[in-house]
Amino acid sequence: MRLAKYLAHAGVASRRRAELLIAEGRVTVGGEPSIDPARDVDESSGVAVDGKPVAIEEREVWALNKPAGFVSTARDTHGRPTVTELVSSRRRLYPVGRLDADTTGLILLTNDGELAERLTHPRHGVEKVYRAHVEPRPVGEPALRQLRSGVELDDGQSAAARVRQLEPGLLELTLTEGRKRQVRRMCAAVGHRVVALERIAFGPLHIDRLVEDGRRLGEGESRRLTAAEVERLRKPRVDPRRL
Ligand code: URA
């Protein structure tokens with residue numbers, strides 16, 4: 001397997017981040033530095049990062065109903081609580097994409113760098129659905145049309161999105177991109193401020209259907225996805241039914 005893929009599989013980092021680690025000369029194979037991300041390696045090759053041996057570990061994917069106030073990084077330099085603290089896995093997991101600290105709802109955590117990449121890269125078109133309460137209410141038809149066709153943001157135009165107004169001032173937006181504070185910036189661009197934001201679906205997973213012991217995951221609760229759920233996450237375009 002390619003070195004960069006091997007590191008991603010081992011849960012060291014996403015594929016892109018693994019390529020950076022390799023380029024930085026932090027990866028050795030059999031004790032020798034290797035800067036070739038395409039180099040063929042396996043478990044017997046003696047791959048190490050910063051001198052620490054890398055072993056392929058069992059892959060896990062967890063779903064968390066994120067409460068407000070938690071940051072979606074594995075560790076926070078300002079000492080704020082992180083989403084990883086809400087998942088009781090003994091593996092080192094990292095969040096799949098980001099939600100703002102004040103955004104609630106569905107976030108996935110995994111040690112599977114390949115899958116994380118698949119789920120977040122816009123090329124794969126994985127849909128994320130958000131519910132946004134905005135002010136002022138309601139949102140007029142011209143603003144809705146603009147949100148649907150794409151609005152000008154400081155990092156470029158947003159892609160086409162599905163947008164419905166469920167009730168005055170409550171929008172449901174389906175996006176395939178995951179840019180920083182995207183929903184908040186899109187709404188601001190058409191003159192509305194997001195006062196509460198929840199992600200309700202990620203690919204085939206819907207927060208209302210992620211039940212455990214017959215009840216919906218409450219805020220702050222998480223559970224490991226089953227093998228069947230992970231399989232459907234890997235192929236969301238083939239079978240778009242929500243779990
Ligand atoms: N868009 C945002 O503005 N914030 C999030 O947390 C997610 C999507």
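**View 1. Three domains along one chain.** The protein chain splits into domain 1 (3-53), domain 2 (61-120 + 209-242) and domain 3 (128-202). Domain 2 is the one written in two pieces, 61-120 and 209-242, with domain 3 at 128-202. Keep in mind for this and every other view that the model is predicted. Taken over C-alpha atoms, the centres of domain 1 and domain 2 sit 26 Å apart.

**View 2. Where domain 1 meets domain 2.** Here we zoom in on the contact between these two domains. On the domain 1 side nine residues are in contact, and they face six residues of domain 2. Together the two domains bury about 620 Å², with 40% of that area on carbon and sulfur atoms. Look for Gly11, Arg15 and Arg16: this trio supplies 52% of what domain 1 buries against domain 2, more than any other three residues.

**View 3. Charges and polar pairs across the same interface.** Two salt bridges turn up across the interface of domain 1 and domain 2. Arg16, already met as one of the three big suppliers of buried area on domain 1, also has a side chain that forms a salt bridge with the side chain of Glu117, at 3.3 Å from N to O. The interface of domain 1 and domain 2 also holds four residue pairs in polar contact, counting those with both residues at pLDDT 80 or more. As for secondary structure, α1 (3-9) and α2 (15-23) each put at least two residues on the side of domain 1 that touches domain 2. Of the elements there, α1 gives the most, with three residues. By class, that side of domain 1 is an even mix: three nonpolar, three polar and three charged residues.

**View 4. Around the ligand.** Nine names to find here: Leu99, Asp100, Thr103, Tyr130, Arg181, Gln182, Val183, Arg184 and Leu197 surround the ligand. Asp100 brings a polar side-chain atom to 2.7 Å from a ligand nitrogen. Thr103 uses its side chain too, with an N or O atom 2.8 Å from an oxygen atom of the ligand. With Arg184 it is the backbone that counts: one of its polar backbone atoms is 3.0 Å from an oxygen atom of the ligand.

**View 5. Arg181, with a positive phi.** Arg181 is one of the residues around the ligand, and its backbone deserves a look of its own. Although Arg181 is not a glycine, its phi is positive, at about 50°. You'll find Arg181 in the loop between β12 (170-175) and α5 (182-189).

**View 6. A loop with two cis peptide bonds.** Follow the chain from β8 (128-135) towards α4 (141-149), and Pro136 comes up in the loop between them. The peptide bond leading from Glu135 into Pro136 is cis, with omega near -10°. Pro138 is in the loop between β8 and α4 as well. Arg137 and Pro138 are also joined by a cis peptide bond, this one with omega about -15°.

**View 7. A salt bridge between distant parts of the sequence.** The salt-bridge count comes to 29. The one picked out here pairs the side chains of Glu58 and Arg224, 3.0 Å apart from N to O. Glu58 is in the loop between β4 (52-53) and β5 (61-66), while Arg224 belongs to strand β17 (residues 222-224), so this pair ties together parts that are 166 residues apart in sequence.

Methods. Residues are numbered from 1 along each chain as its sequence is written. This is a predicted model: local features need pLDDT of at least 70, side-chain atom pairs count only at pLDDT 80 or more; totals for chains, interfaces and linings use all residues. Side-chain values use heavy atoms; hydrogens and water are left out. Domain bounds come from an automatic or database domain assignment. Contact means heavy atoms within 4.5 Å. Buried area is the accessible area (1.4 Å probe) that two parts lose on being put together, summed over both. A salt bridge is a side-chain nitrogen of Lys or Arg within 4 Å of a carboxyl oxygen of Asp or Glu. A polar contact is a pair of N or O atoms within 3.5 Å; within protein, one must be able to donate a hydrogen and the other to accept it, and residues adjacent in sequence count only if both atoms are side-chain atoms. Helices (H or I, at least four residues) and strands (E, at least two) are DSSP runs, numbered from the N terminus. Ala, Val, Leu, Ile, Met, Phe, Trp, Tyr, Cys and Pro count as nonpolar, Asp, Glu, Lys and Arg as charged, and the others, Gly among them, as polar. A residue is near a molecule or strand if one of its heavy atoms lies within 4 Å of it.
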